[in-house]
Amino acid sequence: MSTYVYGVTAASHPSLEGLAGVGEPPLPVRVLRAGDLAAVVSDAPENLRPKRRDLLAHQTVLGEVGAGGCVLPMRFGSVAPDDDTVTGVLTERAEHYLERLRALDNKVEYNVKASHVEEAVLHQVMADNPELRALAEANRQAGGGSYEQKLQLGEMVAAAVKSREAQDAAEIQRVLEPLTTGVEPGPESTGWLANVSFLVDRDEAARFLEAAEGLREAHPYLEVRVNGPLPPYSFVEPGPAKPAVPAAE
């Protein structure tokens, strides 16, 4: 039977008793050890799909394991052909996983997504740009302006909003990064001017959240969504050649 993998821990991690994982009925969680490492696994259910029940089960297992020490979380749906394959990977990548366990100890991930409130950011770029205001006023006095004048104004406004997006994305990173020990950009997607995951020491989490709230207050036209604390999914793969970045002074 295939093996479902929740995460990787140190072999010395506290014992896991009675945890139930994915599947219907939920399959018992067990531990596979190889040297200084262990993998938290269960049998893999057939026809696994990202149903809410199983997504929550995956998160619950990681939460329970993480409460006892550092765990390198695997994404939902991580399945190996069998137990021997899992222990083989632990052995093969031991240096990498041990480095990550040291780097991620007592740390959590916060994902920050930001977008503009459309009407509010239009007011902001108009307020910041005298040329735009002058052109808009000229068009107004001309009864709306010609097609070419309207097109020119629209293109200038769009360019100003695009510039503001870049400025605000940089501002988010400038404010939040000094409170973190690592940064990983998320995939670009329509509708977000920023999608960034931050690695945060648990002791710094309150300051990080306060800084994110400060961004909202300082920029009313900016919608900032913070998701976390999460297991450090975005920071499992960087290895010794790309260590967690030290916090800025």
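What share of the 249 residues of the protein count as buried? In this predicted model, the buried share is 40% of the 249 residues. The accessible surface of the protein comes to about 13,600 Å², and carbon and sulfur atoms contribute 52% of that surface. The secondary structure consists of seven helices and nine strands. Among contacts with a separation of 6 or more, 76% are between residues 24 or more positions apart. One pair that is distant in sequence is Glu 64 and Leu 19, which are 45 residues apart in sequence and 8.3 Å apart in space, C-alpha to C-alpha. Glu 64 belongs to helix H1 and is partly exposed, with a relative accessible area of 47%.

Helix H3, residues 94-104, was examined in terms of burial and cover. Its buried residues are His 96, Tyr 97, Glu 99, Arg 100, Leu 101, Ala 103 and Leu 104. In an α-helix there are 3.6 residues a turn, so residues three or four places apart point the same way. Within H3, His 96 and Arg 100 are both in the buried set, as are Tyr 97 and Leu 101. The cover over the buried residues of H3 is drawn from several elements, including the strands S1, S3, S4 (72-73), S6 and S8 (194-201). Helix H2 (83-92) also takes part in this cover.

Two side-chain interactions involve residues of H3. Tyr 97, a buried residue of the helix, has Arg 93 over the face of its ring, at 5.3 Å from the ring centre. Glu 99 and Arg 100 form a salt bridge in which the closest N and O atoms are 2.7 Å apart. Both partners of this bridge are buried. Just after H3, Asn 106 takes a positive phi of about 65°. Asn 106 lies in the loop between H3 and strand S6 (107-116). The relative accessible area of Asn 106 is 33%, so Asn 106 is partly exposed.

A second asparagine, Asn 47, also has a positive phi, in this case near 55°. Asn 47 is located in the loop between strand S3 (37-43) and helix H1 (52-66). With a relative accessible area of 63%, Asn 47 is exposed.

A search of the whole structure finds 11 salt bridges. One of these joins the side chains of Arg 30 and Asp 83, at 2.7 Å from N to O. Because Arg 30 lies in strand S2 and Asp 83 in helix H2, this salt bridge ties together parts that are 53 residues apart in sequence. Both partners are partly exposed: Arg 30 has a relative accessible area of 26%, and Asp 83 has a relative accessibility of 23%.

Another salt bridge is formed by the side chains of Arg 53 and Asp 54, with an N to O distance of 4.0 Å. Arg 53 is partly exposed, at 40% relative accessibility. Asp 54 has a relative accessible area of 5% and is buried. Salt bridges with shared partners bring Glu 24, Arg 53 and Asp 54 into one network.

Glu 24 is also the residue that precedes a cis peptide bond. This bond joins Glu 24 to Pro 25, and its omega is about 5°. Pro 25 is placed in the loop between strand S1 (3-10) and strand S2 (30-34). A further cis peptide bond runs from Gly 228 to Pro 229, where omega is near 5°. Pro 229 is found in strand S9, which covers residues 222-230.

Aromatic contacts were also examined. The structure holds four aromatic pairs. Tyr 4, Tyr 6 and Phe 76 are linked by ring pairs into a cluster.

Terms used. Residues numbered from 1 in each chain as written. Predicted model: local features only at pLDDT ≥ 70, side-chain atom pairs only at ≥ 80, totals over all residues. Heavy atoms only, no water. Helix = DSSP H or I, 4+ residues; strand = E, 2+ residues; numbered from the N terminus. Buried < 20%, exposed > 50% of the residue type's maximum accessible area, 1.4 Å probe, protein only. Phe/Tyr/Trp six-rings, centres within 6.5 Å; stacked < 30°, edge-to-face > 60°. Lys NZ or Arg CZ within 6 Å of the ring centre and 35° of its normal. Contact = heavy atoms within 4.5 Å. Areas by Shrake-Rupley, 256 points an atom, 1.4 Å probe, with all protein chains shown as cover.
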